[in-house]
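Hi,

Here is the model I said I would pass on. Have a look at it first, and then read my notes below.

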Amino acid sequence: MSHLRSVNAYNHTTNQRKSKMLNLFEESRISDRSAVTYDAKQLSINWADGHKTVFDSADLIKMLVKPQQKQPRDLYHLWNGSTIGPLPTVQNSSFSFPEFSQKFVQFGFVSVEGIEQTPEATEK
């Protein structure tokens, strides 16, 4: 699993994970909020696949990578009717929340295509 820092899952010399990143979001799931516990000394995560990860708070602070300061203009795409180009969309059949979120933050809206156009489907 990509979230583990054990020798079997993480190469500490090269700082590379020993996993395929193709299914990261499917593999890194928890069953509910109770699977994550924390206090001043540690963060514990019980993963849906049965693995348990315990992070020491001091280690988390050491691993922290401070993001580069980004200007708002680098995060957002300001647009008007003549500059937006194709509307940002995601497909319902292959919905990806990270993709949806990124587009929503960048453009301020996202169209979800492939949704059945009935009152019943709208209620779902």
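A quick term before anything else: I call two residues in contact when they have heavy atoms within 4.5 Å of each other. Among the contacts in this chain between residues at least 6 apart in sequence, 22% join residues at least 24 apart.

Now the ground rules. This is a predicted model, so local features need pLDDT of at least 70 and side-chain atom pairs count only at pLDDT 80 or more, while totals for chains, interfaces and linings use all residues. Residues are numbered from 1 along each chain as its sequence is written, and side-chain values use heavy atoms, with hydrogens and water left out.

**Overall**

The chain has five helices and seven strands. Both are DSSP runs numbered from the N terminus: H or I and at least four residues for a helix, E and at least two for a strand. Read from the N terminus, the order of elements is β-β-α-β-β-β-α-α-β-α-β-α.

About 10300 Å² of surface is accessible on the chain, and 54% of that belongs to carbon and sulfur atoms. These areas come from the Shrake-Rupley method with a 1.4 Å probe; for residues, only the protein chains shown count as cover. Of the 124 residues, 15% count as buried. Buried means under 20% relative accessible area, exposed means over 50%, and partly exposed is in between (1.4 Å probe, protein chains only).

**The sheet**

Three strands make an open sheet in the order 3-4-5, with antiparallel pairing. Strand 3 and strand 5 are the edge strands, each pairing on one side only. On average, neighbouring strands of this sheet are turned by 10 degrees against each other, direction ignored. That angle uses axes that are lines fitted to C-alpha atoms (for helices, over the stretch in contact), and angles run from 0 to 180 degrees between N-to-C directions. As for pairing, two strands pair if DSSP finds at least two bridges between them.

Strand 3 and strand 4 are held to that pairing by three bridges, and a hairpin of three residues joins them. Here Val-36 sits opposite Ile-45 of strand 4.

On the other side, strand 4 (residues 42-46) and strand 5 pair antiparallel over five bridges. You can follow the partners in strand 5: Ser-44 goes with Val-54, Ile-45 with Thr-53, and Asn-46 with Lys-52. The hairpin between these two strands has five residues, and Gly-50 takes a positive phi near 100 degrees there.

Which side chains of strand 5 are buried? Thr-53 and Phe-55, which point to one face; Lys-52, Val-54 and Asp-56 point to the other face and are not buried.

**Around the sheet**

Ile-30 is in the loop between helix 1 (24-27) and strand 3 (36-38). Leaving aside neighbours within four places in sequence, Ile-30 is in contact with Ala-35, Val-36, Ile-45, Asn-46, Trp-47 and Ala-48. Even with those contacts, Ile-30 is partly exposed, at 35% relative accessible area. Asp-49 is 19 residues from Ile-30 in sequence, and the two are 8.2 Å apart in space, C-alpha to C-alpha.

Ser-57 belongs to helix 2 (residues 57-63). Not counting residues up to four places away in sequence, Ser-57 touches Asp-39, Ala-40, Lys-41 and Gln-42. Ser-57 counts as buried because its relative accessibility is 18%.

**Helix 4 and a surface patch**

Is Lys-103, in helix 4, buried or exposed? Lys-103 counts as buried, at 19% relative accessibility. Beyond the residues up to four places away in sequence, Lys-103 touches Pro-88, Thr-89, Val-90, Gly-108, Phe-109 and Val-110.

Val-105 is in helix 4 (residues 97-107) too, but Val-105 is partly exposed, with a relative accessible area of 47%. Together with Tyr-76, Leu-78 and Phe-104, Val-105 forms a nonpolar surface patch with about 450 Å² of accessible area in all. Patches are made of residues with over 30% relative accessible area and no salt bridge; like charges are joined within 9 Å, and nonpolar side chains (Val, Leu, Ile, Met, Phe, Trp, Tyr) within 5 Å. A salt bridge is a side-chain nitrogen of Lys or Arg within 4 Å of a carboxyl oxygen of Asp or Glu.

Cheers
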